Amino acid sequence: MTSTYTGEAIGDGRLIRGSGGVHVYTETLRYQTEDGPSFIDISEDVNEVVQRSGIAFGTATIFSRHTTAAIRINEHEPLLLRDLARLLRRVAPQDTYYEHNDFSRRTVNMNPGECANGHSHAQHLFLSTSETVPVMDSRLVIGTWQSIFLVELDHPRPRQVLVTVMGIPHPQG
């Protein structure tokens with residue numbers, strides 16, 4: 001059996017229409033972060049992508065394109081977020097020795113102006129690069145207290161979050 005696909009650009013996103021009825025929409029969200037660990041609530045931005053996608057039922061995958069910025073679901077309560085930031089700093093303190101930060105020995109994946117960020121990579125190990133959330137009636141299905149966060153673990157910089165929505169589109173008519 002052969003499947004056919006057609007694609008089209010929608011704003012900053014891209015929609016692929018599968019011949020079997022399943023559509024895939026992808027869009028990149030861009031953020032300028034602050035010093036880490038910090039939590040940016042991106043829930044509403046992701047919901048807007050889901051609505052632009054035209055997909056009624058399926059899943060949304062939210063993916064960080066970075067090894068020092070994670071995606072997590074948790075409660076958006078300011079004191080809890082401070083607790084979580086403190087926990088991450090205890091798990092992988094910035095002032096601990098990391099071979100990754102030893103630029104006299106490190107020879108791979110080096111960039112001009114490279115910063116010492118071994119702690120950020122170590123913190124990321126305990127988090128995740130992505131989350132997948134159900135979509136129903138063109139909305140994310142998350143709990144009352146759940147929010148989707150981009151978690152910055154390094155220094156301020158531009159970040160990209162890829163949102164891919166897969167599923168069944170709204171019925172035509």
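Two strands count as paired if DSSP finds at least two bridges between them. In this predicted model, strand 7 and strand 8 (residues 139-140) pair in the antiparallel sense over two bridges. One partnership here links Met136 with Arg139 in strand 8.

The protein chain as a whole contains three helices and 10 strands. Along the sequence, these follow the pattern β-β-β-β-α-β-β-α-α-β-β-β-β. Of the 173 residues in the protein chain, 36% are buried.

The hairpin of strand 7 and strand 8 has two residues between the strands. Asp137 lies in the loop that joins strand 7 to strand 8. Its phi is near 55°, a positive value in a residue other than glycine. Ser138 is found in the loop between strand 7 and strand 8 as well. The phi of Ser138 is also positive, near 60°, and this residue too is not a glycine. Is each of these loop residues buried or exposed? Asp137 has a relative accessibility of 54%, so it counts as exposed. A residue is exposed when the value is over 50%. Ser138 has a relative accessibility of 8%, so it counts as buried. The limit for a buried residue is under 20%.

Strand 7 (residues 130-136) also pairs with an earlier strand. Six bridges join strand 7 to strand 5 (residues 55-64), and the two run antiparallel. Within this pairing, Thr132 of strand 7 is the bridge partner of Thr61. In a regular strand the side chains alternate between the two faces of the sheet. Strand 7 has a covered face made of Glu131, Val133 and Val135. Its uncovered face holds Ser130, Thr132, Pro134 and Met136.

A separate group of strands forms an open sheet. Three strands take part, in the order 4-9-6, and the pairing is antiparallel. Strand 4 (38-41) and strand 6 are the edge strands, and each pairs on one side only. Neighbouring strands of this sheet are turned by 35° against each other on average, with direction ignored. Strand 6 and strand 9 run antiparallel and are joined by seven bridges. Ala70 has Val151 of strand 9 as its bridge partner.

Val151 also comes up in relation to Pro37. Pro37 sits in the loop between strand 3 (23-32) and strand 4. Along the chain, Pro37 and Val151 are 114 residues apart. Their C-alpha atoms are nevertheless separated by 6.7 Å. The peptide bond from Gly36 to Pro37 is cis, with omega near -5°. At 11% relative accessibility, Pro37 counts as buried.

Helix 1 spans residues 43-53. Which residues of helix 1 are buried? They are Ser43, Val46, Asn47, Val49, Val50 and Ser53. These residues lie on the same side of helix 1, because they cover an arc of only 155° around the axis. An α-helix has 3.6 residues a turn, so residues three or four places apart point the same way. Just after helix 1 comes Gly54, which takes a positive phi of about 80°.

Empty space in the model was examined next. Rolling a probe the size of a water molecule over the atoms shows where empty space is left. The largest pocket has a volume of about 190 Å³. Its lining consists of Phe39, Arg72, Ile73, Asn74, Leu84, Leu87, Leu88, Val91, Phe126, Leu127, Phe149 and Val151. Strand 6 (69-75), helix 2 (78-91) and strand 9 (146-152) are the elements that give two or more residues to this lining. Which element gives the most? Helix 2 does, with four residues. By class, the lining has 10 nonpolar residues, one polar and one charged. Val151 thus has several roles in this description: it is a lining residue of the largest pocket, and it is the bridge partner of Ala70.

Methods
Residues are numbered from 1 along each chain as its sequence is written. This is a predicted model: local features need pLDDT of at least 70, side-chain atom pairs count only at pLDDT 80 or more; totals for chains, interfaces and linings use all residues. Side-chain values use heavy atoms; hydrogens and water are left out. Buried means under 20% relative accessible area, exposed over 50%, partly exposed in between (1.4 Å probe, protein chains only). The arc is that of the directions from the helix axis to the C-beta atoms. On a 1 Å grid over the protein atoms alone, a cavity is a set of points where a 1.4 Å probe fits but cannot get out, and a pocket is an open set with protein on both sides within 12 Å along at least five of seven lines; lining residues have an atom within 4 Å of a point. Grid points are joined across faces, edges and corners, and a volume is the space filled by probe spheres set on the points. Ala, Val, Leu, Ile, Met, Phe, Trp, Tyr, Cys and Pro count as nonpolar, Asp, Glu, Lys and Arg as charged, and the others, Gly among them, as polar. Axes are lines fitted to C-alpha atoms, for helices over the stretch in contact, and angles run from 0 to 180 degrees between N-to-C directions.
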